[in-house]
Amino acid sequence: VANGVQCVTEGANMPTTPEGIAVFQDAKILYCPGKASNAGGVAVSGLEMVQNSLRLAWTREEVDDKLVSIMKDIHGACIKHGTEGDYVNYVKGANIAGFIKIANSMVDQGCV
């Protein structure tokens, strides 16, 4: 932070401690938690399962297009739920968006 870092994007599964996250957020550094930045790998696995289940064969471009759409949706949800004035708290945005997705699924399945 003291050296002027502007952006931190996790490339592993939540390697930053809560104290480290607080440092980034207090300094208004663009910080993207692993749950958002690594979602592409999970999304591609889901797309592979859909292809296998439906016996489809998408081209590389089709998979990439679907992935870009998914990642844009994730980014949009983080902005929608994490904007605090002129700063986007991606941790808050990702957490709220994930909670809403699970809550809506529970309602849709009649669990709640």
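Which residues make the nonpolar surface patch of about 400 Å²? In this predicted model, the patch is made by Ile102, Met106, Val107 and Val112. Valine 112 is located in the segment that comes after helix H5, which spans residues 90-108. Its relative accessibility is 70%, and valine 112 therefore counts as exposed, the cut-off for that class being over 50%.

Helix H1, formed by residues 18-26, has Gly20, Ile21, Phe24 and Gln25 as buried residues. These residues lie on the same side of H1, because the arc they cover around the axis is only 135 degrees. The pattern follows from helix geometry: with 3.6 residues a turn in an α-helix, residues three or four places apart point the same way. Glu19 and Asp26, by contrast, are exposed on the other side of H1. The packing partners of the buried residues of H1 are strand E1 (7-9), strand E2 (30-32), strand E4 (87-88) and helix H5. After H1 comes lysine 28, with a positive phi near 60 degrees.

Within helix H1, glutamine 25 was examined further. Its relative accessibility of 18% falls under the 20% cut-off, so glutamine 25 counts as buried. The side chain of this residue nevertheless has a polar partner: a polar contact of 2.9 Å joins the side chain of glutamine 25 to the side chain of asparagine 89. When neighbours within four places in sequence are left aside, the contacts of glutamine 25 are with Tyr87, Asn89 and Val91. Asn89 thus appears both in the contact list of glutamine 25 and as its partner in the polar contact between side chains.

A further buried position is found in helix H4, which comprises residues 60-82 and contains cysteine 78. Cysteine 78 counts as buried because its relative accessibility is 2%. With neighbours within four places in sequence again set aside, cysteine 78 is in contact with Ala36, Thr83, Val88, Tyr90, Gly93 and Ala94. The C-alpha atom of cysteine 78 is separated by 17 Å from that of alanine 103, a residue 25 places away along the chain.

Terms used
Residues are numbered from 1 along each chain as its sequence is written. This is a predicted model: local features need pLDDT of at least 70, side-chain atom pairs count only at pLDDT 80 or more; totals for chains, interfaces and linings use all residues. Side-chain values use heavy atoms; hydrogens and water are left out. Patches are made of residues with over 30% relative accessible area and no salt bridge: like charges are joined within 9 Å, nonpolar side chains (Val, Leu, Ile, Met, Phe, Trp, Tyr) within 5 Å. Accessible areas come from the Shrake-Rupley method with a 1.4 Å probe; for residues, only the protein chains shown count as cover. A salt bridge is a side-chain nitrogen of Lys or Arg within 4 Å of a carboxyl oxygen of Asp or Glu. Helices (H or I, at least four residues) and strands (E, at least two) are DSSP runs, numbered from the N terminus. Buried means under 20% relative accessible area, exposed over 50%, partly exposed in between (1.4 Å probe, protein chains only). The arc is that of the directions from the helix axis to the C-beta atoms. Contact means heavy atoms within 4.5 Å. A polar contact is a pair of N or O atoms within 3.5 Å; within protein, one must be able to donate a hydrogen and the other to accept it, and residues adjacent in sequence count only if both atoms are side-chain atoms.
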